[in-house]
Amino acid sequence: MEFKKFKAATVQTAPVFLNVDKTIDKAISFVKEAHENGAKLIAFPEVFIAGYPYWNWIMTPVQGSKWYEELYKNSVAVNDASMQKLYKAAKDFDMNIVIGINERGDSFGEIYNTNLIIDNNGLLIGRHRKLVPTWAEKLTWTSGDGSSLKVYPTEVGPIGTLACGENTNTLARFTLLSQGELIHIANYISLPVAPPDYDMAEAIKIRAAAHSFEGKLFTIVSCSTISQEIKDALRTDVPNVDELLDRKSSAFSGFIGPNGAVIGNPLIDEEGIIYADIDLSKCIQPKQMHDILGHYNRFDIFDLRVNIAPTRKITFVDKKD
């Protein structure tokens, strides 16, 4: 077996709010920078294209309804012409990319929180839709299904991904681990509207460390930030938007090793791109102590069954005599 060594990059920044083309251009600029610094994999935040529905947290559902409409108009399908630039950049810069999008559904009331896995040949090899929107997010996103709980082989190694709160879903994480995941991409948004005693950055780090330590793998975290542009856009409806969306320790991006420890210096609240050298052979030795996929489990006692069938909305039956 071959356990790859490579440099990875992760980004902590804000999208160009509700602007697909400009956000994709911004993503490509980071892909180019990562390539110039020798990276082979780059992670981007949750729903980076092209924005998070913060209005769900700071407005009433009625106030936020017009913003839902704007988000739908600025959501994308994976085969949209605007997305082709990103796929081409992956090929041109020899980069594997994991990035969050607002994926437009077939119904006008249907948007998915989706992570795309794009390989270094510019091919879209995976699409994971967030299984359960968190709390106020239920006003915006439709739930995904088990068909996207997959690990994808890439030139750098087997990649799996979960978005934000679903990184607390033990069964979803175990499902990815059981498929040989060695590189986990966990992407988030900055959430300053959490309860006063909740440290979002620390919570993100804890979740990432738990997955890495339990599964003995590398976790790469990418989190978005809240730009002045986002606050200004929402200010007309929420005059005290600064008070609600300005809070320290709301964003964490970085790398966690198979021992559960942070690699290098993470980004907390600051925008930027950081790098880490990944050696997948480091995932082997820790398994001798705790291999929850093998000797350190009791599958005669525990039996996890996962429904990976895509959701079917309708079945047409043409019954002929």
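**View 1. V16, a buried loop residue in the predicted model.** With a relative accessible area of 19%, V16 counts as buried, because the cut-off for that class is under 20% relative accessible area. In this predicted model, V16 sits in the loop that runs between β1 (5-12) and α1 (20-36). Once neighbours within four places in sequence are set aside, the residues in contact with V16 are K22, T23, K26, A50 and E229. One of these contacts, A50, is 34 residues away from V16 in sequence, while the C-alpha atoms of the two residues are 6.7 Å apart in space.

**View 2. The cis peptide bond between I49 and A50.** Most peptide bonds are trans. The bond leading from I49 to A50 is cis in this model, and its omega is near -5°. A50 belongs to the loop between β2 (39-43) and α2 (55-58), and A50 is also among the residues that V16 contacts.

**View 3. Two residues with positive phi, D94 and C164.** Most residues other than glycine have a negative phi. D94, which is not a glycine, has a positive phi of about 50°, and C164, likewise a residue other than glycine, has a positive phi near 50°. D94 is placed in the loop between α4 (81-92) and β3 (96-104), whereas C164 is placed in the loop between β6 (159-163) and α5 (170-177). As for exposure, D94 has a relative accessibility of 24% and therefore counts as partly exposed, while C164, at 6% relative accessibility, counts as buried.

**View 4. H211 and its surroundings in helix α6.** H211 is part of helix α6, which comprises residues 200-215, and its relative accessibility of 1% means that H211 counts as buried. A polar contact of 3.0 Å joins the side chain of H211 to the side chain of R173. When residues up to four places away in sequence are not counted, H211 touches R173, L177, E181, H184, K216, L217 and T219, so that R173 appears in the contact list as well as in the polar pair.

**View 5. The span annotated as a CN hydrolase domain.** An unreviewed UniProt entry places the feature "domain: CN hydrolase" at residues 6-280. In the predicted model, the C-alpha atoms at the two ends of this span lie 9 Å apart, and the span is 30% helix and 26% strand.

Note on methods. Residues numbered from 1 in each chain as written. Predicted model: local features only at pLDDT ≥ 70, side-chain atom pairs only at ≥ 80, totals over all residues. Heavy atoms only, no water. Helix = DSSP H or I, 4+ residues; strand = E, 2+ residues; numbered from the N terminus. Buried < 20%, exposed > 50% of the residue type's maximum accessible area, 1.4 Å probe, protein only. Contact = heavy atoms within 4.5 Å. UniProt positions renumbered as here; feature names shortened; annotations may be inferred. Polar contact = N/O pair within 3.5 Å; in protein donor to acceptor, adjacent residues only side chain to side chain.
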